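Colleague: Please give me a close look at the links between charged side chains here, in terms that a first-year student can follow. Where do they lie, and what surrounds them?

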Amino acid sequence: MISHIKGCTVTGDPKNKIITDLTIDSRTAGKGSLFICLVGVHTDGHAYIEKAASLGAEAVLVEKDVPPVPGLVMIRVKSTQETMTELAPWFYDYPAQKMRMIGITGTNGKTTTTNILRTLLTNTGHKVGLIGTINIMIGDEVEASHNTTPDVVDLQRTLCRMADAGCDYVVMEVSSHALALNRVAGIEYDTAALTNITQDHLDFHKTMENYREAKALLFTHLHEGRKKGKTAIFNMDDASSPLIMNRVKTKVMTYGKARTNDVYPIRFHVGAKHMELSLHTPEGNMDLRLHITGEFNVYNVMTAVCAALAEGLKHDDIVRGLDNFAGVPGRFQLIDAGQPFTVIVDYAHTPDGLDNVLRTARQITKGRLWAVFGCGGDRDAKKRPIMGKLALELADILVVTSDNPRSEDPDTIIRDIETGFSDNPQHKEIYTISDRREAIQFAISHARPEDVIMIAGKGHENYQILKDRTIHFDDGEVVRDFFRKGNRA
């Protein structure tokens with residue numbers, strides 16, 4: 001290993017030291033570990049060297065001058081971050097080279113699209129690894145996911161496990177953070193797709209241009225490497241697609257409303273629990289009856305169909321697989337607890353996401369449309385008034401509450417959202433209830449038959465991140481518990 005690390009200096013005796021794992025978290029160090037000391041915004045891995053050593057680490061990768069620890073090999077480099085991005089893929093024997101890799105990026109739609117693709121590929125006999133916001137799957141084995149795209153060490157370790165388990169495909173969500181921070185180093189993608197780019201993560205990227213450029217990295221580097229038959233897929237109804245597409249050096253497929261695209265909708269009908277959709281594709285028209293609904297899901301289906309076609313799946317296999325797709329938890333998920341009105345839980349936490357789900361909910365609302373939502377703390381504050389204004393425009397009754405406030409005061413976040421309510425000519429009802437449980441209970445206890453309640457922001461999440469702790473919290477569970485305890489709307 002040391003011979004692979006360029007320009008390093010070594011302290012300690014590396015003889016008879018066998019490294020069997022890499023880690024950036026001292027708490028997970030053990031016998032055979034190389035602990036990589038990263039310097040972050042809030043913490044410095046160099047402060048935890050003795051902790052890693054006490055747990056059995058064999059060696060540490062450092063970039064600072066630190067005192068020696070008896071029995072521990074210290075490998076010093078100029079940058080542990082840069083060395084890690086080169087070392088991790090090599091250490092795990094470049095697992096992405098052994099599987100077909102499909103990467104889906106975009107602000108919204110990644111989770112549904114990757115899950116559709118997993119279904120299509122699994123139904124055609126492939127063993128599929130899935131890496132995403134909700135979970136990690138190796139075939140049918142399911143694990144919790146902690147980041148949309150894991151850090152480079154965890155990601156390469158996971159890909160190695162997938163390859164060893166016999167996966168021939170990996171479908172993964174690729175976040176803008178992962179691209180900007182090079183967490184996907186060492187991965188050569190075969191097919192890459194862009195769902196959309198709308199405002200999000202500006203706390204990190206600062207500008208929409210930076211955000212778009214981070215997403216663009218997936219496509220501008222797609223042609224690099226040894227793999228053949230690569231395809232870049234673009235949503236031509238998104239303004240960023242032409243800007244990125246012009247720089248791509250691989251085959252391109254497009255989708256969108258215009259009939260100039262490779263895949264486009266001929267017609268669709270949205271229902272409360274299903275959607276009928278007819279698509280034009282290069283392999284012939286596909287008439288679909290789907291167990292998901294909403295115009296935004298038309299785009300998710302088109303993204304998945306393009307990727308499936310790029311990977312050689314046949315017309316009938318795609319139609320059959322889409323018929324079998326049951327949806328994703330927390331994505332326009334209907335919560336049925338026997339109540340006389342409709343409750344929907346969705347992960348929508350961006351302006352575009354909230355706009356999409358409220359417009360879809362409006363199509364199935366015969367009574368009043370409620371919006372129960374908040375915004376996350378320590379995240380892009382600029383989107384808060386935008387989301388407030390959108391909710392005021394699209395819903396009849398608003399209940400503004402907390403999401404994951406993190407280190408911020410929930411009431412401060414709510415006040416930011418409320419600045420979007422400055423113009424309310426229809427005098428719509430607006431309630432502010434910072435406790436999310438109370439906010440949900442207020443809505444479901446005051447709803448009437450034929451009303452629709454959209455609970456947005458957390459979707460599949462079963463926790464809430466507060467200033468001093470993380471608690472168990474599940475929006476759908478709150479609704480079910482309310483009626484299970486004998487309450488009535």
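Modeller: A salt bridge is counted when a side-chain nitrogen of Lys or Arg lies within 4 Å of a carboxyl oxygen of Asp or Glu. By way of background, side chains of opposite charge can pair when their charged atoms come close. The model discussed here is predicted. The side chains of Asp396 and Arg362 form one such salt bridge, with N and O 3.2 Å apart. Asp396 is in the loop between helix H12 (383-394) and strand S20 (397-400), while Arg362 belongs to helix H11 (residues 351-363), so the pair ties together parts that are 34 residues apart in sequence. Asp396 has a relative accessible area of 25%, and is therefore partly exposed. Arg362 also counts as partly exposed, because its relative accessibility is 31%.

A search of the whole structure gives 27 salt bridges. Another of them joins the side chains of Arg157 and Asp21, at 3.1 Å from N to O. This pair links distant parts of the chain: Arg157 is in helix H4 (residues 152-164) and Asp21 in strand S2 (residues 21-23), 136 residues apart. Asp21 is partly exposed, since its relative accessible area is 22%.

The setting is not always partly exposed. Glu461 forms a salt bridge with Lys458, and their closest N and O atoms are 2.8 Å apart. Both Glu461 and Lys458 are buried; the word applies because a residue is called buried when its relative accessible area is under 20%.

Salt bridges may also join into a network, as they do for Arg100, Asp190, Lys227 and Glu311. Lys227 leads to a further charged residue, for Lys227 is among the contacts of Glu188. Glu188 lies in the loop between helix H5 (176-180) and strand S11 (191-194). With a relative accessible area of 8%, Glu188 is buried.

The side chain of Glu188 has two partners to consider. Its polar contact with the side chain of Lys230 is at 2.8 Å. The same side chain reaches the backbone nitrogen of Arg226 at 2.9 Å. Beyond its neighbours within four places in sequence, Glu188 touches Ala96, Gln97 and Met101, as well as Glu224, Gly225, Arg226, Lys227 and Lys230. Arg226 and Lys230 thus appear both in this list of contacts and as the partners of the Glu188 side chain described above.

Methods:
Residues are numbered from 1 along each chain as its sequence is written. This is a predicted model: local features need pLDDT of at least 70, side-chain atom pairs count only at pLDDT 80 or more; totals for chains, interfaces and linings use all residues. Side-chain values use heavy atoms; hydrogens and water are left out. Helices (H or I, at least four residues) and strands (E, at least two) are DSSP runs, numbered from the N terminus. Buried means under 20% relative accessible area, exposed over 50%, partly exposed in between (1.4 Å probe, protein chains only). A polar contact is a pair of N or O atoms within 3.5 Å; within protein, one must be able to donate a hydrogen and the other to accept it, and residues adjacent in sequence count only if both atoms are side-chain atoms. Contact means heavy atoms within 4.5 Å.
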